[in-house]
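Please look through the following two-chain model with an eye to how its sheets, core and chain contacts are put together. The paragraphs after it go from one pair of strands outwards.

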Amino acid sequence: MSKADLSVELRPKLVGARVRRTEDRRLLSGTGQFVDDMAPPGVVHVALVRSDQPHARILNIDVSAAMDVPGLVAIFDAADLEDEVTPAIPTSRMAGYYATPYWPLARGKVRYVGEPVVAVVADSRYAAEDIAGLITIEYEPLPAAIRQVDAVRDDAPLLHEEAGSNVIVARTFERGDVDRIMREAPLVVKGHFRMTRKAPTAMECRAYLAEYDRRRRALTLHSASNIPGLVRDVLAKSLDLPGNRLRVVAPDVGGSFGGKGSLYHEEMLVCLLARKLERPVKYTADRLEELTSASQAFDEMIEAELAVDQEGRFLGLRADVIGDVGAYSIYPWTAALEPVQVVSFMPGPYRLEHYRGRVRGVLTPKPPTGPYRGVGRPSSTFAMERLVDMAARGLGMDPAEIRRRNLVGEGEFPYRTASGVIWDQSAFHECLEGACKAADYPALRRWQEEARAQGRWVGLGFASYAELTGIGSRIAVAPGMPINTGTETSVIAIDSTGAITANFGIASHGQGLETTLAQVIADELCCAIDDVEVRHGDSAIVPQSSGTYASRSAVLAGGAATRSAHALKAKVLRAAARLMDVPVDDLDAHGGIIRARGSNAVLTFREVADAVYNRMGAIPRESREDLVASETYDPYFGTACSSTHLAAVEVDRQTFGVKVHRFVVAEDCGRIINPMIVDGQVQGAVAQGIGAALLEEMVHGDDGQLLTASLADYLLPLASDVPDIGIVHIEAELPNNVGGFRGMGEGGTIGAPAAIANAITDALAPLGIEIETLPATPERIFRLVMEKAKQLQEG
Amino acid sequence: MNHAVEISVGVNGVAHRRAVEPRTLLSDFLRHELGLTGTHVGCEHGVCGACTVLLDGRSARSCLTLAVQVDGVEIETIEGQGAGDDLGPIQAAFREHHALQCGFCTPGFIMTIADMLAHYPLENDEQIRDALSGNICRCTGYQNIVAAVRQLAQERGPLP
């Protein structure tokens, strides 16, 4: 290696550095622009009359009392709009699946409390709500099976008659002979696990603003969405508009966690109404609407059993899952997204030969489930990791040791799990050891012993898991889903002023992708980071994009950015070589400055751009290239991201509340672009996992009404509920993709519920109590303890 | 409901005089009447704290306050804390500590912290976490917000 090469190598890289975020200045000063912040002239506002029935036929809609209210623009029900829209159909290749059509407003029937039925348009939101309150809908209530155990029965009332069954998704994964293993194994542990329904609950409620351009007969939808490209594609079909006259833009978006990652009725609605009324139309959900109509999460009943031998080796696993998917199969992910992944990921990061996982996704009159941070894996990891701890306890083995004996290890990658998921090289064992070391596991055990001696209920819990991230075109992100989620495109241009603009279709909503992608580009293009403007979340700036979800943006957009920047740099250097009259190979670039080795010639990127675009003849006609590069990246397979979480908790003997004393995460997310942002993602995701473990539960009454319809009832973790999170990064062998990045935004939510459930069980081990339902609220723990006390008294 | 009531308020040092419907929420007044959209509305029932502003120096939920209640009051909002290229101390500490992700709850946190720094000891993490527990952040897990407040409290020193 020559000296010059070395000096290039030694230059500080931006990838890997704690670069402060580009996004922050606007967000900190109140100059961010969220959808509800936009107020175009002439905008009208939508309020929705939503169903107060879980399942009912709509007999009559009476708007007569509403017609004279000042401010009214128009009132619409499904029949008024039917001719102007076709439904979105969440198709799937999965056998036996039924795709429920998505319309803007309920047609004929309502299927959950909160489903939109009538749209009121008025000149202010206040007026729209006044008018909505004067509309009367007459319903004929229909029978409904509210709980999934009832809805799966053959004689259950049908929510979608056309489906012929409430079970619209059913699948079995099988390998080996698990029934024989269960019969013959020295130890079989089992549990009936329940991961209750959650709400993703971003702090910004959903908001949509559609603007109609009469001159171009074009629509622009500003949407609080993390999938603007997918929304554009489906609405183009539903509204029969070409993509060049339908633009979907996600401006600043106040979090999603999956809740803004599906198509919504209201997005179709505002577009339709803006076109019909030829005015800007805005709808902003309030929190009640958000909790009763945004997509929800999890809601599985899992019966599972694990067979182990005397040495703690896992022999076989059997699981039967019923997922309550709500009233519709969500677009585009389908109802398979959440429950099917519970069984496909159940075997976890472990060596396990024999498996049968059966899953049914069943319709119930509740809002549809959809993507939520971790998808499927928070539930599968909860069930599996509980079984692992049960087995360890049954064998008198340390929970770290039983994991050590079963985690897939060196020499076994790529490993095909019993359900067919392929784990590429990832640091499963290193994460387990890393968590033990960082938390000083032996010291924690001593702490526990001392606390126990004082009669305190303290416990430790592990959770090890792996996830697929950055999935390419080989696998659909949602099982059987036919749309492309395997590619992302980056278009980078240096314009005639020398400014660098990088366009992406991904849609950052808190992840800081404007910063991290600029880091990647600046390193690869060898320009100054401040000279790069990253644009994203706009369907009009790349030909196709599916958005930001499934821990994919760093991998896919990062890969596309790397490739585009690389191609663009080659163009810049070719032009510079011509201008400087030196061979391209003699050029070095750094910070937007190009130098010729062996001479004093220097050109800036801006000077090169000026020569290319503005100075005729500076570069011969046949060699002149625009300084633009557009590359698409498809990682083909996904890459594994793995982690071990270790929680130390105490159950208060007076209140039965759980306090998380200590939480350590050791994770392998490949090459880290910005450690500050990665740590922030882990901390935030773990807090959500703590919420899932201890606080958050969407409770529906037997009448189908939501009983937790405010943030005073649906409890989110507060600053006083979560500890500081200890984080260990393990940069194992990098995955075989462009950049070596693994996706990592979801992991915390996957591991934390399981780790905490195991820790609580460990804390209550002297009483022999197993945590099988999350959240482990004080009331649930109190009941378990009382039940145990009663048993002891009777026994 | 349509009898507009005249109010006079100061917002970030600028005087405004407006006629408002008595039912108009202060949050809507700030956002839609005055165009100060930095104040965000997260729940409209007083739990999340995203809409927190200062009324005569003390934090309040603008979604639980009617505009007519603040006649004669001096209001401070996020826009008064500092501009993007000239961040105030709380804003700067947030940036330094990566105490925001999506940024939606951030204005409410910053206004709450402005009040807490002026009136509470904030001597340890427990007190800081207590002080922040009226605001919900769904992105950060609070750790970096706590770190930002810890630094701000240290720089401030003990309260007189």
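Which residue is the bridge partner of A:S464 in β26(A)? In β26(A), that partner is A:T644. The model is a predicted one, in which local features need pLDDT of at least 70 and side-chain atom pairs count only at pLDDT 80 or more, while totals for chains, interfaces and linings use all residues. Residues are numbered from 1 along each chain as its sequence is written, and chains are lettered from A and ligands numbered from 1 in the order in which they are written.

The bridge just named belongs to the pairing of β18(A) with strand β26 (residues 639–651) of chain A, which is antiparallel and extends over 13 bridges; two strands are said to pair if DSSP finds at least two bridges between them. Strands (E, at least two residues) and helices (H or I, at least four) are DSSP runs, numbered from the N terminus. The open sheet that holds these strands has 4 of them, in the order β18-β26-β27-β28 (chain A), with mixed pairing. Its edges are formed by β18 (457–469) and β28 (725–729) of chain A, each of which pairs on one side only, and the twist averages 15° from one strand to the next.

A further open sheet of chain A consists of 3 strands in the order β22-β23-β24, paired antiparallel. Because β22 (587–590) and β24 (602–604) of chain A stand at the edges with a single partner strand each, one side of each is left without a neighbour in the sheet. The twist here averages 20° from one strand to the next. Between β22(A) and strand β23 (residues 593–596) of chain A there are 4 bridges, and A:H590 has A:I593 as its bridge partner in β23(A). Helix α16(A) packs on this sheet and touches β22, β23 and β24 of chain A, its direction making about 125° with that of β22(A); axes are lines fitted to C-alpha atoms, for helices over the stretch in contact, and angles run from 0 to 180 degrees between N-to-C directions.

The largest nonpolar core, a set of buried Ala, Val, Leu, Ile, Met, Phe, Trp, Tyr and Cys residues joined through C-beta atoms within 7 Å, has 315 residues, and A:V649 is among those that touch the most other members. Helix α16 (residues 553–580) of chain A gives the largest share of this core, 14 residues. Not counting residues up to four places away in sequence, A:V649 touches ten residues in chain A, including A:V458, A:I756 and A:I760; contact requires C-beta atoms, placed from the backbone, to lie within 7 Å.Chain B has 5 helices and 5 strands, which run β-β-α-β-β-β-α-α-α-α from the N terminus on. Its radius of gyration, taken over C-alpha atoms, is 16 Å, close to the 15 Å that the globule rule (2.2 Å times the number of residues to the power 0.38) gives for 160 residues, so chain B is as compact as a globular protein of that length. Of its 160 residues, 56% count as buried, meaning that 20 or more other C-beta atoms lie within 10 Å of the residue's own, whereas 12 or fewer make a residue exposed and values in between partly exposed.

Where the chains meet, 43 residues of chain B are in contact with 44 residues of chain A. On the side of chain B that touches chain A, α2 (89–97), α3 (106–119), α4 (125–132) and α5 (143–156) each supply at least two residues.

Methods
Two residues are in contact if their C-beta atoms, placed from the backbone, lie within 7 Å.
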